[in-house]
Amino acid sequence: MILRARVVLPVTRPPIDDGAVLISGNRIRTVCGWRDLTVRADEQVIELGDTILLPGFVNAHCHLDYTDLAGEIPATKLFTDWIKSITTAKAGKIYADFAQSWLRGAHMLLRTGTTTVADIEAVPELLPEVWLAMPLRVFSFLEMTGVKNRREPRFVLDDAVRKIESLPVSRGGAGLSPHAPYSTTPELLRLSAATAREKGWRLVTHVAESDLELEMFLHARGEMFDWLQRNERNMSDCGLGSPVQHLERHGYLADNLLAVHVNSLAPGDAALLGRRGVSVAHCPRSHVFFQHRRFPREELAGAGVNLCLGTDSLASVTKVRGRPMELNLFTEMQSFAAAHPGVPPETIVRMATLNGARALGMQGRIGELSENAMADLIAVPFTADCADVFEATVHHVGDVAASMIDGEWVRPPAT
Ligand SMILES: [Zn+2]
């Protein structure tokens, strides 16, 4: 099968005007100019017309099972109040609610160009049924928490390991997600890091999302410190350094870690993350919702940290009038562009494709159009009023014109 489009955007190479992508099975065989291609008589050619053909987006952070909490949880002044609200909201839900939420969120992502998602699973019982119901390439990270001594960390981890090992082979995969330094114990972090190393799995953890978390670990004080202490968390790991230094102390920082948010850094943290090869997922709209301090993009990029983009969940997105509340990486790219006007659109597109692939250990296989990569592609309408193809991609509004995952159309082009 050959796909022909006005512009092909491989991401790893410059854009190709009147480009073509040759696909066989679930793989890309050739990416070149239409004129450079010899078309066999029996080859199917699909004309995508005035579109940009590019790799499907890799959404580096999501909680699909919270999709239906959209608009239910108000933005609060304190991050800890939001955590309390979402915990209460979740307690009122049953299995079927989470399943419906997950699937609704996955549909939103498919419509809007995501072909791979790194999803946090708070309800692991949904797996693998929800995987099988959706063509999306899903990497599921099983959430683990536990600050009280009610349940030993090794039992919490054992449950997650058993679940992952029971899952069938899929288009994506699974890994571990100790929730955050403040909501776990050092032992859970150490054991998870050792298990992930041994089994070749990846880790996703929320790190230094708020200033309250930085204050808790740096100075053993503040609202988060007080709240967790009241909730019987052993606070002896506080007052010893920043959340990033806390993770380093427990052998947690490595190139299999995708750290989410990373807003509140102490001096030296960015360099340490860079040295350890950690990737960082930034979620622009969630960042705006919580009114966190400015995302330290320059510092992290300067330290060589691989930066990618995620949607987070709809529980932390502000409704914009006239726009649907949906999981959508175009909207995230636009929110990021507005907050960081100096960053070229090309860099933003790489964050949403190539960098996400690298964070999942999938470099060369997804997030780019190149020989032997998986055939995960999207077509975005390309109108005459925007000369720059990266700019047009970032600022696209609406659904994609077509989307393919693993060599199969999940949104076929209009004929
Ligand atoms: Zn999250």
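This passage walks through a predicted model of a single chain, from its overall fold to its zinc site, pockets, cysteines and backbone oddities.

Starting with the overall picture, the chain has 15 helices and 16 strands. Its C-alpha trace stretches about 70 × 45 × 40 Å along the principal axes. For a chain of 415 residues, a compact globule would come out with a radius of gyration near 22 Å, and the 21 Å found here agrees with that. As for burial, 59% of the 415 residues count as buried.

Next comes the metal. The zinc ion picks up its protein donors from three histidines, H61, H63 and H206, each through NE2 and at 2.0 to 2.1 Å. Laid out along the sequence, the spacing of these donors reads H-x1-H-x142-H. The H63 and H206 pair ties together distant parts of the chain: H63 sits in the loop between β6 (57–62) and α1 (79–91), while H206 belongs to strand β10 (residues 203–207), 143 residues apart. Both H63 and H206 are buried.

Turning to open space, the largest pocket has a volume of about 1200 Å³. Some 40 residues line this pocket, with K90, E143, T145, G146 and H179 lying nearest its centre. Several elements chip in at least two lining residues each, namely α1, β8 (137–144), α4 (153–166), α7 (223–230) and α10 (284–290). Of these, α1 gives the largest share, with six residues. Sorted by class, the lining of the largest pocket comes to 18 nonpolar, 12 polar and 10 charged residues.

The second largest pocket holds about 330 Å³ of space. Its lining is made of 20 residues, and those lying nearest the centre are R285, V320, R323, P324 and T331. Here α10 and α12 (329–339) each bring at least two residues to the lining. The largest share, four residues, comes from α12. In terms of class, the lining of the second largest pocket splits into eight nonpolar, seven polar and five charged residues. Helix α10 thus turns up in the lining of the largest pocket and again in that of the second largest.

On to the cysteines. A disulfide is a covalent bond between the sulfur atoms of two cysteines. A search of the whole structure turns up zero of them. In the case of C62, the closest cysteine sulfur is that of C283, and because the two sulfurs are 8.7 Å apart, they are too far from each other for a bond. The cut-off for calling a disulfide is 2.5 Å between the sulfur atoms. Seen from the other side, C283 is likewise in no disulfide, its nearest cysteine sulfur being that of C62 at 8.7 Å. Neither residue is on show: C62 has 0% relative accessibility and so counts as buried, and C283 is buried with a relative accessible area of 1%.

A few backbone details round things off. Most residues other than glycine have a negative phi, and most peptide bonds are trans. Against that background, the bond joining L127 and P128 is a cis peptide, with omega at about 0 degrees. P128 falls in the loop between β7 (114–121) and α3 (129–132).

Two valines go against the usual sign of phi. V11 has a positive phi, near 80 degrees, and is placed in the loop between β1 (2–8) and β2 (16–24). V11 is buried, with a relative accessible area of 4%. V262 also has a positive phi, in this case near 50 degrees. The loop that holds V262 runs between β11 (257–261) and α9 (269–276), and this valine is buried as well, at a relative accessible area of 0%.

Lastly, there is a contact between separate stretches of the chain to look at. A281 lies in strand β12 (residues 279–282) and is buried, with a relative accessible area of 0%. The C-alpha atom of A281 is separated by 6.0 Å from that of L307, a residue 26 positions away along the chain.

Note on methods: Residues numbered from 1 in each chain as written. Predicted model: local features only at pLDDT ≥ 70, side-chain atom pairs only at ≥ 80, totals over all residues. Heavy atoms only, no water. Donors = N, O, S within 2.8 Å, 3.2 Å for Na, K, Ca; no water. Buried < 20%, exposed > 50% of the residue type's maximum accessible area, 1.4 Å probe, protein only. 1 Å grid on protein atoms, 1.4 Å probe; cavity = no way out; pocket = protein on both sides within 12 Å on 5 of 7 lines; lining within 4 Å. Points joined across faces, edges and corners; volume = space filled by probe spheres on them. Nonpolar A, V, L, I, M, F, W, Y, C, P; charged D, E, K, R; others polar. Rg over C-alpha atoms; globule rule 2.2 N^0.38 Å.
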